[in-house]
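Biologist: I should like to understand how the terms used for this model are justified. Please set each value against its definition.

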Amino acid sequence: MQFSYYPGCSMDTTGITYKLSIEYICSKIGLVLHEIPDWNCCGATAAHSKNKMLALALPARNLAQAEEEGLDLDVAVPCASCYSRMKHTVVAARQDENMRRKLEEIIGMPYKAKADVLNFLEIFSRPEMKRACQEKMYRTLKGMKVACYYGCLTSRPVEVTGASSTENPMEMDEIVALTGAEPVEWDFKTECCGASHQVDAPKAARPLIERIIRNAKANKAQAIITACPLCNLNLDMREGEINKAKGTRYDLPVYQFTELLAVCMGAGAKDIGIHKHFFPAFDLLNEYLRKAGD
Amino acid sequence: MDRCLNNRENAKALAARIAKDAGVDLQDCYQCGKCSGGCPMAGDMDLMPRQIIQYMRLGLMGDVLRSKSIWLCAACHTCVDRCPHDINLPGLIEGARMEAKRRGMIGVKEVDKFTDIFLENVKMFGKNQEVVLEGLYNVTTGHLMQDMVNVPHMLKHKIVGPELNTTKQAAEVKELMLRAQAAENERKRGEQ
Ligand code: SF4
Ligand code: SF4
């Protein structure tokens, strides 16, 4: 299977474990990602809170470059925020021919809005992808209880994402179950992590993180699983801070769903950067791999 | 504060303009409060999401534009997703925030700074540079030590480094941003 690929700005930095685990999986199952040659930032929340045309145009330059490559492939986007911005552009350009032409003018390139934009949950939910992953997994995390956290932007707004459910999506639960881990039922699957407000309005936003972790814990999860570099960073980096500030003892490592898949395909901690997590993430995986006789 | 906001008719016209741009008919709201009930940021808001709509309806735009709420909204879309009338509240808030910014009414200066620095970064490098963003943010907001405890871990594990990761044709992105600004201005003029 092949896709055009838009990594987004955080994949080389705070999203590094997401990147490494995706690359590991690609090498195992023969998934080919063609990185868009000279991509730029999608604009994230910043652009659309200031300027509508800019919010649509920044992604359009990337999508137009993917078209220019002539590979005729859909575009795979790992970050939930990038995914949302790119998909907004596709939808706007398809809905309104004038807008599409206006975008072409702004970016100074032809843009036909032919390719779809897909997030990695959509990609890994495809039956052929699940089969390919399953064939390559020889380790199991059997019995490890996990809370799958989807956040906002893979599901909302539904006119853009086309998500099956905005309150209780199941795609990640089903993918993660391939590893033997047991997704728990819980209430905060699509609650907001606060995104950049964890930096620019931390007092107001920090409780969002704590509520997510608390609910996962109350539902007996041993780890939280994400599908976005920013959701992951926000939970992973702030959990220890919250413990320190409030005397709580939350103890849930926060993994990208691709990390679990990669580990079960044989990835070592170093291969995918398990030691790069802020909240210690090695012991839990190790414990379950050992239990399963690895 | 902008004097035109004291005139109720002007303020109502402004509310109508913001609503139109967000694709909202303000009269559609039932004032049921489901939006406020599910809003993750409501705990720190000075005007609840439900009130924002009601105030706009009444033409109390000064209160809306002065509020912290329009800066604290995380654009999570929970409210519109649960609203029985699919009212695009984050769209209204976004419009209100742009108007507030234009008038120099900045309810939460950190949020405004973060966004500006983010976009300056993109204009300069084509991609966002997390190190530059955090550094400039801390310096310009005066929160010098914020998040510095996490820096040693990031450096040790090479999560961030001194090298910049830029778009090769960053100049192209800058041009694009200037043209987008012109197009946005034109779009706004068309609405008035
Ligand atoms: S949920 Fe919708 S209808 Fe109800 S108060 Fe909020 S905006 Fe109005
Ligand atoms: S989009 Fe804004 S107002 Fe609506 S629920 Fe989210 S934070 Fe609250």
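Biologist: Why is the contact of A:Lys145 with A:Glu182 called a salt bridge?

Modeller: In this predicted model, the term requires a side-chain nitrogen of Lys or Arg within 4 Å of a carboxyl oxygen of Asp or Glu. The N to O distance between A:Lys145 and A:Glu182 is 3.0 Å, so the pair satisfies the definition. A:Lys145 belongs to strand E5 (residues 145-148) of chain A and A:Glu182 to strand E6 (residues 182-183) of chain A, so the bridge ties together parts 37 residues apart in sequence. Strands (E, at least two residues) and helices (H or I, at least four) are DSSP runs, numbered from the N terminus.

Biologist: What makes A:Lys145 partly exposed?

Modeller: Buried means under 20% relative accessible area and exposed over 50%, with partly exposed in between, for a 1.4 Å probe and protein chains only. A:Lys145 has 30% relative accessibility and therefore counts as partly exposed. A:Glu182, at 36%, is also partly exposed.

Biologist: How do you know that A:Asp251 forms a salt bridge with A:Lys217?

Modeller: Their closest N and O atoms are 2.9 Å apart, so the criterion is met. This pair links distant parts of the chain, 34 residues apart: A:Asp251 lies in the loop between helix H12 (229-246) and strand E8 (254-256) of chain A, and A:Lys217 in helix H11 (residues 202-218) of chain A. A:Asp251 is partly exposed at 41% relative accessibility, as is A:Lys217 at 35%.

Biologist: What separates A:Lys102 and A:Glu105 in helix H5 of chain A?

Modeller: The two residues are 3 residues apart in helix H5 (residues 97-107) of chain A, and so about one helical turn separates them. Their closest N and O atoms are 3.4 Å apart, in a salt bridge. A:Glu105 counts as exposed because its relative accessibility is 54%, whereas A:Lys102, at 22%, is partly exposed.

Biologist: How many salt bridges does the structure hold over all chains?

Modeller: The structure holds 36. A network of salt bridges links A:Lys52, B:Asp21, B:Glu184, B:Arg187 and B:Lys188.

Biologist: Which residues lie nearest the centre of the second largest pocket?

Modeller: They are A:Lys50, A:Asn51, B:Gln181, B:Glu184 and B:Asn185, among 21 lining residues. H11(B) gives the most to this lining, with 6 residues. By class, the lining has 6 nonpolar, 5 polar and 10 charged residues. Here Asp, Glu, Lys and Arg count as charged, Ala, Val, Leu, Ile, Met, Phe, Trp, Tyr, Cys and Pro as nonpolar, and the others, Gly among them, as polar.

Biologist: What makes a region a pocket?

Modeller: On a 1 Å grid over the protein atoms alone, a pocket is an open set of points where a 1.4 Å probe fits, with protein on both sides within 12 Å along at least five of seven lines; lining residues have an atom within 4 Å of a point.

Biologist: Where in chain B is confidence lowest, and where highest?

Modeller: Confidence is expressed as pLDDT, given for each residue from 0 to 100. Helix H9 (residues 130-141) of chain B is lowest at a mean of 75, and helix H5 (residues 69-72) of chain B is highest at 98. Chain B has a mean pLDDT of 89.

Biologist: Which conventions apply?

Modeller: Residues are numbered from 1 along each chain as its sequence is written, and chains are lettered from A and ligands numbered from 1 in the order in which they are written. Local features need pLDDT of at least 70, side-chain atom pairs count only at pLDDT 80 or more, totals for chains, interfaces and linings use all residues, and side-chain values use heavy atoms, with hydrogens and water left out.

Definitions and conventions
pLDDT is the predictor's confidence in each residue, from 0 to 100.
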